[in-house]
Amino acid sequence: MGMILSAMPIGEYDKRIVLLTRERGKIPVFAKGARRPGSVLSGAVMPFSFGEFTVYEGRTSYTLVSASISNYFAEFREDVEGAYYGFYFMEIADYYCREANDEREMLKLLYQSLRAVIKHGIPNRLIRRVFELKAVCINGEAPQVFQCVVCGDSERDGQFSVKKGGKVCRECDRDVFDGMELRNSTWHAMQYIVSSSVEKLYTFTVSEEVLCELETVMERYMDVYVEKRFKSLEILESMRL
């Protein structure tokens, strides 16, 4: 069970896909003959394709034998902006995931996030920030949003510090130079995202003010903790100018 993160042509008729799987983590797979006219694999080796993939494990690589696709996310063909949000999410998954790792939570997050984009129930801007925060949590780099990272106090007000890795209370913020004052609703939103299961992530919305604070926090957090610029994000941001 898995989703195709990317696909590129190889030779005259083949494709090389990157598949995020429930069982093997992220694996490179060769789809031989997938670009031949009439190939049964041609429709199955597109980015966003989600379903069951049968692969043959060779000595140095995997080869795609067959695929049963349950969701192509075809809605993205008519939603260019939504598609680039999806490509951005897949780039992050590709950045974080590894072969032979347990990547079930990231696969689940990716699938639910793409579904949230095509449903249009909450703004794509919010979906992006929820995805980013949950993705860093799954990768073990979650910010501390429940208590002070210095003393552990959970009662006092505090600031959010990217350099410190989360909340710093008033008693411990003397050497904090990047502190951000956040609304209580922003703290609550971040706590919900960090602590909730993936299935419950996209069941809320926030005010424009809270969304702007989430955007600022995650913009700075991703700049520090993710050492990569994503092509799809650059295109997405140019579309919004």
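## Exercises on a strand barrel and its surroundings

E4 and E5 form a hairpin with 4 residues between them; strands here (E, at least two residues) and helices (H or I, at least four) are DSSP runs, numbered from the N terminus. The model is predicted, so that local features need pLDDT of at least 70 and side-chain atom pairs count only at pLDDT 80 or more, while totals for chains, interfaces and linings use all residues. Residues are numbered from 1 along each chain as its sequence is written, and side-chain values use heavy atoms, with hydrogens and water left out.

**Exercise 1.** Work out which strands E4 pairs with, and in what order the barrel closes.

*Solution.* Begin with the term: two strands pair if DSSP finds at least two bridges between them. Strand E4 (residues 50-57) is joined to strand E5 (residues 62-71) by 8 bridges, and the two run antiparallel. On another side of the task, E4 also pairs with strand E1 (residues 2-10), again in the antiparallel sense, over 2 bridges. Now look at Gly51 of E4, which is the bridge partner of Gly2 and also stands opposite Ile69 in E5. Finally, 5 strands close into a barrel in the order E1-E2-E3-E5-E4, with mixed pairing.

**Exercise 2.** Describe the surroundings of Asp14, and decide whether Asp14 is buried, partly exposed or exposed.

*Solution.* First place the residue: Asp14 lies in strand E2 (residues 14-21), which is joined to E1 by 8 bridges and runs antiparallel to E1, and Ile10 stands opposite Asp14. Next apply the cut-offs, in which buried means under 20% relative accessible area, exposed over 50%, and partly exposed in between (1.4 Å probe, protein chains only). Because its relative accessible area is 28%, Asp14 is partly exposed. Then list its contacts (heavy atoms within 4.5 Å): leaving aside neighbours within four places in sequence, they are Met8, Pro9, Ala31, Lys32, Gly33, Ala34 and Arg35. Among these, Gly33 has its backbone nitrogen 2.7 Å from a polar atom of the Asp14 side chain. Asp14 and Arg36, lastly, are 22 residues apart in sequence, yet their C-alpha atoms are 7.9 Å apart in space.

**Exercise 3.** Find which residues have the most contacts inside the largest nonpolar core, and which element gives its largest share.

*Solution.* A nonpolar core is a set of buried Ala, Val, Leu, Ile, Met, Phe, Trp, Tyr and Cys residues joined through side-chain atoms within 4.5 Å. The largest has 60 residues, and those with the most contacts inside it are Met3, Phe73, Phe89, Leu110, Phe160 and Tyr202. Its largest share, 9 residues, comes from H2.

Note on methods:
A polar contact is a pair of N or O atoms within 3.5 Å; within protein, one must be able to donate a hydrogen and the other to accept it, and residues adjacent in sequence count only if both atoms are side-chain atoms.
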